[in-house]
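Q: I would like to learn how to read strands and helices in a model, one feature at a time. Could we begin with a strand and then move outward to whatever lies beside it?

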Amino acid sequence: MGQAASAAAITCRRQTSHSHCSASKSRSPPFISPMLFTESHESPNEVIHAVPDHISELPDECLACIFQSLSSADRNRCSLVCRRWLRVEGQSRHRLSLNSQSDLLPVIPSLFSRFDSVTKLALKCDRRSVSIGDEALVLISQRCPNLTRLKLRACRELTDAGMEIFAKNCKGLKKLSCGSCTFGAPGMNAVLDHCASIEDLSVKRLRGTTDIASVETIGPGVAASSLKNICLKELYNGQCFGPLILGSKNLRTLKIFRCSGDWDRLFQLLAADRVPNIVEVHLERLQTSDVGLEAISNCSTLEVLHLVKTPECTDLGLIAIAERCKLLRKLHIDGWKTNRIGDEGLIAVAKYCPCLQELVLIGVNPTNASLEMLASNCQNLERLALCGTETVGDLEISCIAAKCTALKKLCIKSCPVSDHGLEALASGCPNLLKVKVKKCKGVTSEGVNWLRLCRGSLAVNLDAAEAEHQGAGASDGGAQENGLETPPIPSEAAASATIASSSTGRSSSFKSRLGLFSGKSYVVCTLRRLSGGSRSSRHS
């Protein structure tokens, strides 16, 4: 009797379970939740009860905020959980980085149907592959009319016509960066004529501007009133951007790297036009002289100056800068061991620029006279790098230790300094936080360990085991290797074939900038973290 009752109960329970499952199948939920049911530990195939699904109760806006705090890989995993998460993740993605080979064209409609809120787009192509053409760029501009940032790398099939249509469709563009592209001045002018909100323009190796005889000038256009940052790199005819530079009355940052031609005349015109807001100038491997520096000195608001491998610049030009640009905070000089900038120019900086906070000297040979004056007059000097200097020894380090009371970071590379010089740091520079020593043959691990014992809170790093090749001052790379503000250039061949990371994901270039004294970035990484120049992530 008991067995019959038990069998009847089991049959009833099975029928009830079967009917419940049938009802569940007939009315499936509008979306699948990742945490809807739990299973019995005793019988995994038997569903016991439903767990309250609080995630499904979150509004889409809250779910999107959660996604934005995840890395790119985690966002991609979340998009596979259910259809709702796939939709919300796509709609909350604001940045994409795509491999822009020619086979991208067929998938553009479906791709941007999912990611319909993109405002920052990077299109990168391998140099050995065929890139997208005008048709793809126009289609993207139609799908993403709210683009504010565009990066083009090695998109060699784009023409002036495609850029013109793109500019007409994306008039809210604020930042354009293009490298190794083949369109020319007409395409660039189309962007400047139709995108009135552009603030940041970066151009590298623009192939369509190499013909000096036939190329037209670029700018200023309607974008001149909003343009704040201009960066020109490796342009054969960079002077064609002269009208744009001169017409940008709100220009704050001007960076010109390895562009051919004589630039003194442009700087003279810039001074004559009285562009009042320039605060930062980077000049690397440029044909400019003291004439150009004297013209730049008319920008009295200048705060940051980088002179990297400009052999025609001498003490006279630096004196002109010091006398008129008294707000100077950061000064980087790579003298290329020409000995044309030395004590005389540095003494002028010490005399007229009391606000100086950061000084990087590479291949420059200051003596105790200029260093003592810099230490005495520049009471706000917090970061100092001395690289490849033959005149900085123990006496000079002792002077720095005695008088640079505000100094927080000190970098010494390839200088004739010994353990005796480090001994002075044991009692000097009361605010010193970090010392980096590299390729200084007279400094031993014993001396470094002694300094660590004397000042327990001081971080002392010694790197004396590298090969005897000249690093910061004499090696090729200039500002890219030693400048504190110029980020490393990402490889154009490493274009992502998928989506860029989310707002808080760390890009690989950002991570590389955090590696202290890695390879040739010795001086870069030493002072970058102190200057607070941690760049915003590429992901938004």
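Q: In this predicted model, how many residues of strand E9 are buried?
A: A residue is called buried when its relative accessible area is under 20%. In E9, 5 of the 5 residues are buried, so this strand is largely enclosed by the rest of the structure.

Q: Which residues of E9 point one way, and which the other way?
A: In a regular strand the side chains alternate between the two faces of the sheet. Here Thr253, Lys255 and Phe257 point one way from E9, while Leu254 and Ile256 point the other way, and all are buried.

Q: Which strands pair with E9, and in what sense?
A: To read a pairing, look for the bridges and then for the direction of the two strands. Strand E8 (residues 229–233) pairs with E9 over 5 bridges in the parallel sense, and 5 bridges also join E9 (residues 253–257) to E10, again with the strands running parallel. Individual partners help to fix the picture: threonine 253 of E9 is the bridge partner of asparagine 229, and threonine 253 also stands opposite glutamate 280 in E10, whereas leucine 254 stands opposite valine 281 in E10.

Q: What do E8, helix H9 and E9 make together?
A: For this feature, follow the chain from a strand through a helix to another strand. E8, helix H9 (residues 242–247) and E9 make a β-α-β unit that is right-handed.

Q: Are the residues on the two faces of E10 buried or exposed?
A: The way of reading is as before, one face and then the other. On one side Glu280, His282 and Glu284 are buried, and on the other side Val281 and Leu283 are buried, which leaves both faces covered. With 5 of the 5 residues of E10 (residues 280–284) buried, this strand is therefore largely enclosed by the rest of the structure.

Q: What lies beyond E10, and where does leucine 283 stand?
A: E10 pairs with strand E11 (residues 304–308) in the parallel sense over 5 bridges, and leucine 283 stands opposite leucine 307 in E11. Together with helix H11 (residues 290–296), E10 and E11 make a right-handed β-α-β unit.

Q: At what angle do helices H14 and H15 pack?
A: For a helix pair, read the angle and the distance between the axes together. Helix H14 (residues 368–377) and helix H15 (residues 394–403) pack at an angle of about 10°, and their axes are 9 Å apart. Angles under 35 degrees count as roughly parallel, and H14 and H15 are therefore roughly parallel to each other. Among the residues making the contact are Leu371 and Ala375 of H14 and Leu395 and Cys399 of H15; by class, the contact has 4 nonpolar, 2 polar and 3 charged residues.

Definitions and conventions
Residues numbered from 1 in each chain as written. Predicted model: local features only at pLDDT ≥ 70, side-chain atom pairs only at ≥ 80, totals over all residues. Heavy atoms only, no water. Buried < 20%, exposed > 50% of the residue type's maximum accessible area, 1.4 Å probe, protein only. Helix = DSSP H or I, 4+ residues; strand = E, 2+ residues; numbered from the N terminus. Pairing = 2+ DSSP bridges. Right-handed = clockwise from strand over helix to strand, strands pointing away. Axes fitted to C-alpha atoms, helices over the stretch in contact; angles between N-to-C directions. Parallel < 35°, antiparallel > 145°, perpendicular 65-115°, else oblique. Contact = heavy atoms within 4.5 Å. Nonpolar A, V, L, I, M, F, W, Y, C, P; charged D, E, K, R; others polar.
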